[in-house]
Structures are given as C-alpha cells and as structure tokens.
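Here's a walk through the fold, starting with how some helices pack and then working through the strands, the cores and a few single residues. Have the structure open as you read.

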Amino acid sequence: MKRLTAVILILLLLTGCASEFSTVETSAPKEKGEHTAPTDAVLQEETGAMLVSPELSQRAREIGRRFGVSIRIADQCDASFPGFEAEQLLDEMAIAKGLDVLDQTMSRYPEGFFRQLNWTEAEQFEIQLVGTLHADSSYGCGSYSAFIDQTEHTCTLVADGSKAGAHTYIHEFSHVIDRKLAWDASRREDAKYSEEIWSSFNPEGFQYTEDYASNPPDFPNSSYYESFVSPYAMVNSTEDRALVMEAAMTMPWAFDGAPRMRQKLAYYCECIRDGFDTTLWPEVTPWEQPLHQK
C-alpha cells in the first residue's frame, strides 16, 4: 500500500492538475472508411514555417515523413481551438528540444505504428508544437501540456513544445489509439475492444466521475489504490487507459502489487494487437514489458 501511495503521489507531481491531460473533441468523426496512411508525397507538400529557420522546418518535415504524420511548428500552428488558445512557439532552441523529445518518444513505438492512426482517406493525425496553452473556464484549474482536438477530417495533438515530455506524448497517443480501436470495434463484431470489459476491471460499484474537476464521492477508497494509476484515472475510461499506458512506458514498477492495474494493461495490450497490423512489431512492445517482468 505504501508503495502504491508513492506511485500516486509521483504521478500527481508529473501530471499536475487533472486538466493537464484533458481531451477535446470538437465534433463527431466523419463516416468511417478504410485505413489509409498519408503518402510521402502528401507530407512533402507541406510548406515550411516562415518565422523559424528553413533547417528547423525541414527537420520537422523529416520526422513527420519518417513516422507518417504531419508535424507543424511555429506559424504553421493554429492559434485557437475549442476551449483553448495557443501562443506561438518561436524560440528555435525550444522547438528543437521539443522535436527531440517527440522524435525520441515516437521512436519507441513499432515500425509503421503511427501510419495506422490514419484510418480513412479524409482522416489524418497531425501534431502541432505550440507555446503556452490557455484554457477557458470550462476546463478548470492548472496549466496544460497537451490535448487532443478532433474535427471532421483531422485528429490533432496540440502540445506545448517547451513543456511536454515523453509521458505527455505517450498519454495523448493513447487517446488517439482509443479512437482507432473504437472505430475498429464498430466494424468488427469480434473486436476485443469493449468498454464493458474494461469496466469489469474496476472495483464493484465504481463509476467514473465524467468530471475533470472532481473525484468519486467515496474517494479515497482502499480498493482504488490497486485499480487506478492516480485519481485522474477516475475521470473517464479513456483517461484511465492513457494513464495505464503512460505508466507502462515510463514507470513499469507501478504495476507491482496492483493486480487490477495489471489486468487493465494486459487487456489493453490485447486490444491494441487486435486492432493494429502487428506484422513488423517486436514480440514484446515497450508498453507490454511490465507484463513480462518477474
């Protein structure tokens, strides 16, 4: 119990206020179609940012082409999103560092992984490295490192390029994975991904708050300490899964003595392998490693 309490305290320090990892969906995705990754030609058509060096713009394009996503920096980025305003990030050293973190984090995922997050011709996954994020009153307290903006055609990860670390990107990638798996489950009756099965790993009688600003009424409850990475995981199932994924790749020891959390991780790993083409994947992915440790 002491160890699990320490895990929760450490993760709270890492994530700050619960709102730091909120996910924003501006509209329902369009009608789903077949998986189609953006071609290199499409990615190469992007123009460079005008307010930073051509070399930095080229680096962002090269990283994007390597992983099959669109990466936008400086004046390529949007300034306004539903619920958020984003300052421009023009400091070249900060952008370069942000690209380093992004590159290193994405490199931990199997080959071709991010190309599979584009699952129709119209849908694409893009990443925008912006400056300080300002939330409106509907998103409560605290500073934000990143969020997901879902529009009809694009799923965008918006990140404070000078603040977001590996754990932030892993967390937000999980939100996009959820969308991929939900789409897949809507098309296949035999898909493993199921909210009902996920909920079965929670304590009896538990319900997510669906409120980023509050904990369950009976919190703290001793049964929660072996079921959730942190109180923020009790907001909704997608935040729960994102924190499980984040812990698996950055704090694998968090699953020691937490059988329900291990069950959640094992199930999510099964869902991911079921919903993705794993032909080029290693036998054990980074997020599966805690399940293979003795």
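Let's start with a helix pair: the axes of helix α5 (residues 166–187) and helix α8 come within 10 Å and cross at roughly 60 degrees. Keep in mind that this is a predicted model. An angle from 65 to 115 degrees would count as roughly perpendicular, and α5 and α8 are therefore oblique to each other. Their crossing is left-handed. On the α5 side, the contact is made by Ser174, Ile177, Asp178, Lys180, Leu181 and Asp184, and they meet Tyr268, Cys271, Ile272, Asp274 and Gly275 of α8.

Helix α8 has another partner in helix α7 (residues 237–250), packed at an angle of about 95 degrees with the axes 10 Å apart. Here α7 and α8 are therefore roughly perpendicular to each other. From α7 come Asp240, Arg241, Val244, Met245 and Ala248, while α8 brings Lys264, Leu265, Tyr268 and Ile272.

Here are the two pairs side by side:

| Helix pair | Axis distance | Crossing angle |
|---|---|---|
| α5 and α8 | within 10 Å | roughly 60 degrees |
| α7 and α8 | 10 Å | about 95 degrees |

Which residues does Ser174 touch, once its neighbours within four places in sequence are set aside? They are Arg241, Ala242, Met245 and Tyr268. Ser174 itself sits in helix α5, and with 0% relative accessibility it counts as buried.

On to the strands, with β8 as the one to look at. Strand β8 covers residues 154–160, and 7 of its 7 residues are buried, so the rest of the structure largely encloses it. Thr154, Thr156, Val158 and Asp160 point one way from β8, and Cys155, Leu157 and Ala159 point the other way; all are buried.

Who are the neighbours of this strand? Strand β5 (residues 124–130) pairs with β8 in the parallel sense, over 7 bridges. Within that pairing, Leu129 has Ala159 of β8 as its bridge partner. Strand β7 (residues 146–150) runs antiparallel to β8, and 5 bridges join the two. There, Phe147 is matched with Val158 of β8. β7 and β8 also make a hairpin, with 3 residues between them. As background, strands of a sheet pair through backbone hydrogen bonds, either parallel or antiparallel.

Elsewhere there's an open sheet of 3 strands in the order β3-β4-β6, with antiparallel pairing. Its edge strands are β3 (80–81) and β6 (133–135), each pairing on one side only. Strand β4 (residues 84–86) is joined to β6 by 3 bridges, and in β6 the bridge partner of Ala86 is Leu133.

Now for the nonpolar interior. The largest nonpolar core has 68 residues, and the ones touching the most other members are Ile73, Phe114, Phe125, Ile127, Phe173 and Trp287. Helix α8 (residues 259–275) gives the most to this core, with 7 residues. A second, separate core has 9 residues, among them Ala86, Val130, Tyr144 and Val158.

Take Phe125 as an example of a well-connected core member. Leaving out neighbours within four places in sequence, Phe125 is in contact with Val69, Ser70, Phe114, Leu117, Asn118, Cys155, Leu157, Phe173 and Val176.

Leu56 is worth a look too. This leucine belongs to helix α3 (residues 54–67) and is buried, with a relative accessible area of 8%. Leu56 and Glu92 are 36 residues apart in sequence, yet their C-alpha atoms are 7.6 Å apart in space. Not counting residues up to four places away in sequence, Leu56 touches Ile73, Glu92, Ile95, Ala96 and Leu99.

Finally, some backbone angles to check. Most residues other than glycine have a negative phi. Ala74 has a positive phi, near 50 degrees, and lies in the loop between β2 (70–73) and β3. Glu210 isn't a glycine either, and its phi is positive at about 60 degrees; its place is the loop between α6 (195–199) and α7.

Buried or exposed: what is Ala74, and what is Glu210? Ala74 is buried, with a relative accessible area of 1%, whereas Glu210 counts as exposed at 57% relative accessibility.

Terms used:
Residues numbered from 1 in each chain as written. Predicted model: local features only at pLDDT ≥ 70, side-chain atom pairs only at ≥ 80, totals over all residues. Heavy atoms only, no water. Buried < 20%, exposed > 50% of the residue type's maximum accessible area, 1.4 Å probe, protein only. Helix = DSSP H or I, 4+ residues; strand = E, 2+ residues; numbered from the N terminus. Pairing = 2+ DSSP bridges. Core = buried A, V, L, I, M, F, W, Y, C linked by side-chain atoms within 4.5 Å. Contact = heavy atoms within 4.5 Å. Axes fitted to C-alpha atoms, helices over the stretch in contact; angles between N-to-C directions. Parallel < 35°, antiparallel > 145°, perpendicular 65-115°, else oblique. Left-handed = near helix turned anticlockwise from the far one by under 90°.
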